[in-house]
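Open the model in your viewer and keep the sequence panel visible. This tour goes from one selection to the next and says what is there.

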Amino acid sequence: METGRCFSCKREFTFDPAEAPTVLVDPETGRPPGLTGLGTLRPATPEAVARSSDQPVCPDCLDRAKRLQPWLNL
Ligand SMILES: [Zn+2]
């Protein structure tokens, strides 16, 4: 198990790296590539995807994201 900080709520939580849900986050925007600051989608550029990395998401936020943001494709 590892301890990490939830990308969404910044809460620390422990997770299993092999099983933890993650979202792809672009470090330049702090959001998933393709998602704008308005919460709308645009085509993700290959550059944005290439520099993005997977960030862990805690179970609470995952539940919320699944309900509210189906585009996350979790
Ligand atoms: Zn969270």
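A residue counts as buried if 20 or more other C-beta atoms lie within 10 Å of its own, as exposed if 12 or fewer do, and as partly exposed in between. Select Ser8 to try this out: 17 other C-beta atoms lie within 10 Å, so Ser8 is partly exposed. The model is a predicted one.

**The whole chain**

Show everything as a cartoon. The protein has two helices and four strands, and their order along the sequence is β-β-β-α-β-α. Along the principal axes, the C-alpha atoms fill a box of roughly 35 × 25 × 20 Å. A compact globule of 74 residues would have a radius of gyration near 11 Å, and the 12 Å of this protein agrees with that. Of the 74 residues, 15% count as buried. Among contacts with a separation of 6 or more, 49% are between residues 24 or more positions apart.

Now colour by pLDDT. The mean for the protein is 85, and 92% of the residues reach 70 or more. Confidence is highest in helix α1 (residues 46-51), at a mean of 94, and lowest in helix α2 (residues 59-68), at 83. Where pLDDT is low, the predicted coordinates should not be read in detail.

**The first hairpin**

Select β1 (2-5) and β2 (12-15), together with the loop between them, where Lys10 is placed. The two strands pair in the antiparallel sense over four bridges. Find Thr3 and look across to β2: Thr14 stands opposite.

Six residues lie between the strands of this hairpin. Which sign does phi of Lys10 have? Phi is positive, near 70°, and Lys10 is a residue other than glycine. Lys10 counts as exposed because it has 9 C-beta neighbours inside 10 Å.

Go back to Ser8, which is in this loop between β1 and β2. Leaving aside neighbours within four places in sequence, Ser8 is in contact with Val57 and Cys61. Measure from Ser8 to Val23 as well: these residues are 15 apart along the chain, and their C-alpha atoms are separated by 9.6 Å.

**Strands β3 and β4**

Select β3 (residues 22-25) and show its side chains. Which residues of β3 are buried, and which are not? The side chains alternate: Val23 and Val25 point to one face and are buried, whereas Thr22 and Leu24 point to the other face and are not.

Add β4 (residues 53-56), which runs antiparallel to β3 and is joined to it by four bridges. Thr22, in β3, stands opposite Pro56 in β4. Thr22 is partly exposed, because 16 other C-beta atoms lie within 10 Å. Beyond the neighbours within four places in sequence, Thr22 is in contact with Asp54, Gln55, Pro56 and Val57. From Thr22 to Pro59 the C-alpha distance is 10 Å, with their positions 37 residues apart in sequence as the separation.

**The core**

Finish with Val23, Val25, Val57, Cys58 and Cys61, the five residues of the largest nonpolar core. In soluble globular proteins, nonpolar side chains tend to be buried together. Centre the view on Val25. Not counting residues up to four places away in sequence, Val25 touches Phe7, Gly30, Arg31, Pro32, Ser52, Ser53 and Gln55.

Conventions:
Residues numbered from 1 in each chain as written. Predicted model: local features only at pLDDT ≥ 70, side-chain atom pairs only at ≥ 80, totals over all residues. Rg over C-alpha atoms; globule rule 2.2 N^0.38 Å. Contact = placed C-beta atoms within 7 Å. Core = buried A, V, L, I, M, F, W, Y, C linked by C-beta atoms within 7 Å. Pairing = 2+ DSSP bridges. pLDDT = per-residue confidence, 0-100.
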